[in-house]
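Work through the exercises below with the model open. Each task is followed by a stepwise solution.

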Amino acid sequence: MAARGGYGGPEADEGAGGGRRRPAVVAATGAGDSARHTSVLRYRGSANFRLRVVCAVLSGRRLRIDGIREDDEEPGVRDYEAGFLRLIDELTTGSVVEINETGTSLHFRPGFIAGGKVTFDCGRERGIGYYVEGVLPLAAFGKKPVKLTLTGITNHDADPSVDVLNSVTLPLLRRFLGIDEGVTLKVKRRGAAPLGGGEAIFVCPVVRQLKPQQLLDQGFVKKIRGTAYTARVSPQTANRVVTSARELLNKFIPDVFIYTDHFKGSEGGRSPGFGLSLVAESTTGCVVAAEMAAAKGVLPEELGQTVSRLLCEEIRRGGCVDTCSQSLVFMLMVLSPEDVSKVRVGSLTDAGMDCLRHIRDVFGTTFKIKADPATRTVLLSCLGTGYINYAKKVT
């Protein structure tokens, strides 16, 4: 997950003992409920909000966060964070959320992951990607397959767009789930900031256990694909974006194809806008991405050139996963069976390091980190906790 901000380490409760290492946690059944709430995860501050909530759900441990923006002019939990808690409540059964009057203190007692069909309004503060990305680590561990119908902003600069989630994030999730089909994110309507109006449907089946992965061979870039979308603006805008992006990319590789995706009328949402997402695929199937939604006053040519440079920078970093996917991969590695999973990244991001710290404190798993000077990349490996979804019947 693309959690941002500093890390506030949890303080161990008295008597928590060995509650930090929790393999094979029950995901959606009533058995073992008394053992799920034996210790409390304690944090301060608003950083890594989604990550902390998801870790609490997966580990079955209660969560306490104090000092949430207590020194800000507008202290407390933001509307989009409260929205994420409501979404988690919809996907689980038995969860209890308590927030004090000022919104600066949160107590969350997680329930069991139920899944099912949920319709959710994401609001206008954050994009649909903020919510989809947040629930990805737990979506496959429910009692029923997840079908989320989300409305709001499909392309937001602060969050991964539906295009990048489709082309980069979901293929990684499929690898760990061990399936080729079934995990989808379909865009029904585009919705640009600030008014949104977009709609997307996320579908994820349930599995009993993940598959350990060895993501080590980054290969060489063989092709670049992309999507230039326009909503409630001239279709020629997308053509101008494509032309400017190809000017740089074609200097390095001939196989560049950028689709144009035009939405008009009600399918274009409530606000005009355009943007570009680019994905580079290697000879070993690794993908990295770069994207941007046009801000007010930005010309299509400027957008195309900027995103193409961002993609070149991602390629230069190296690794088998891009910077935005590190946290998700680390979470899936630790939830895998009791076998070694390995991944090569270009460089550890702040969000990635925060995720590693949370994994250590919540699941008791420490990653082995080794620099590879020859490729200027970093190798990470860990032993999975053997997380099992007991609600999934063995067939």
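**Exercise 1. Classify Asn-389 as buried or exposed, then find what its side chain contacts.**

Solution. This is a predicted model.
- Step 1: Place the residue. Asn-389 sits in the segment after β18 (377–383).
- Step 2: Check the cover. Asn-389 has 0% relative accessibility, and buried means under 20%, so Asn-389 is buried.
- Step 3: Look for backbone partners. The Asn-389 side chain reaches the backbone oxygen of Gly-142 at 3.0 Å. A polar atom of that side chain also lies 3.2 Å from the backbone oxygen of Val-207.

**Exercise 2. Find the side-chain partner of Glu-81, and state how covered Glu-81 is.**

Solution.
- Step 1: Glu-81 belongs to helix α2 (residues 79–91).
- Step 2: The relative accessible area of Glu-81 is 3%, so the residue counts as buried.
- Step 3: The side chains of Glu-81 and Arg-69 are joined by a polar contact of 2.9 Å.

**Exercise 3. Analyse the salt bridge between Arg-50 and Glu-133.**

Solution.
- Step 1: Recall the principle. Side chains of opposite charge can pair when their charged atoms come close.
- Step 2: Take the distance. The closest N and O atoms of Arg-50 and Glu-133 are 3.2 Å apart.
- Step 3: Locate both ends. Arg-50 is in helix α1 (residues 49–59) and Glu-133 is in helix α3, so the bridge ties together parts 83 residues apart in sequence.
- Step 4: Check the cover. Arg-50 is buried at 5% relative accessible area. Glu-133 is buried too, at 6%.

**Exercise 4. Describe the salt bridges Arg-126 to Asp-159 and Lys-222 to Glu-281, including burial.**

Solution.
- Step 1: Arg-126 and Asp-159 meet at 2.6 Å, N to O. Arg-126 is in the loop between β7 and α3, and Asp-159 is in the loop between β8 and α4 (162–177), so the pair links parts 33 residues apart in sequence.
- Step 2: Arg-126 has 14% relative accessibility and is buried. Asp-159 is buried, with 4%.
- Step 3: Lys-222 and Glu-281 meet at 4.0 Å, N to O. Lys-222 lies in strand β12 (residues 221–231) and Glu-281 in strand β14 (residues 273–282), so this pair ties together parts 59 residues apart in sequence.
- Step 4: Lys-222 is partly exposed at 39% relative accessibility. Glu-281 is partly exposed as well, with 23%.

**Exercise 5. How many salt bridges does the structure hold, and which residues are linked in a network of them?**

Solution.
- Step 1: The count for the structure is 17 salt bridges.
- Step 2: Asp-163, Arg-190 and Asp-261 are linked in a network.

**Exercise 6. Which residues form a positive surface patch?**

Solution.
- Step 1: The members are Lys-117, Lys-147, Lys-186 and Lys-188.
- Step 2: Take Lys-117 as the example. Lys-117 is found in strand β7 (residues 116–121).
- Step 3: Its relative accessible area is 72%, so Lys-117 counts as exposed.

**Exercise 7. Locate Pro-145, and give the C-alpha distance between Pro-145 and Cys-204.**

Solution.
- Step 1: Pro-145 is in the loop between α3 (128–139) and β8 (146–152).
- Step 2: Pro-145 is partly exposed, with a relative accessible area of 47%.
- Step 3: Pro-145 and Cys-204 are 59 residues apart along the chain, and their C-alpha atoms are separated by 5.8 Å.

**Exercise 8. How many residues of helix α7 are buried?**

Solution.
- Step 1: Helix α7 covers residues 326–335, and 10 of its 10 residues are buried.
- Step 2: Among them are Gln-326, Phe-330 and Leu-335.

Key
Residues numbered from 1 in each chain as written. Predicted model: local features only at pLDDT ≥ 70, side-chain atom pairs only at ≥ 80, totals over all residues. Heavy atoms only, no water. Patch = residues over 30% accessible without salt bridge, like charges linked within 9 Å, V, L, I, M, F, W, Y side chains within 5 Å. Areas by Shrake-Rupley, 256 points an atom, 1.4 Å probe, with all protein chains shown as cover. Salt bridge = Lys/Arg side-chain N within 4 Å of Asp/Glu carboxyl O. Lys, Arg positive; Asp, Glu negative; His and termini not counted. Charge placed at Lys NZ, Arg CZ, Asp CG, Glu CD. Helix = DSSP H or I, 4+ residues; strand = E, 2+ residues; numbered from the N terminus. Buried < 20%, exposed > 50% of the residue type's maximum accessible area, 1.4 Å probe, protein only. Polar contact = N/O pair within 3.5 Å; in protein donor to acceptor, adjacent residues only side chain to side chain.
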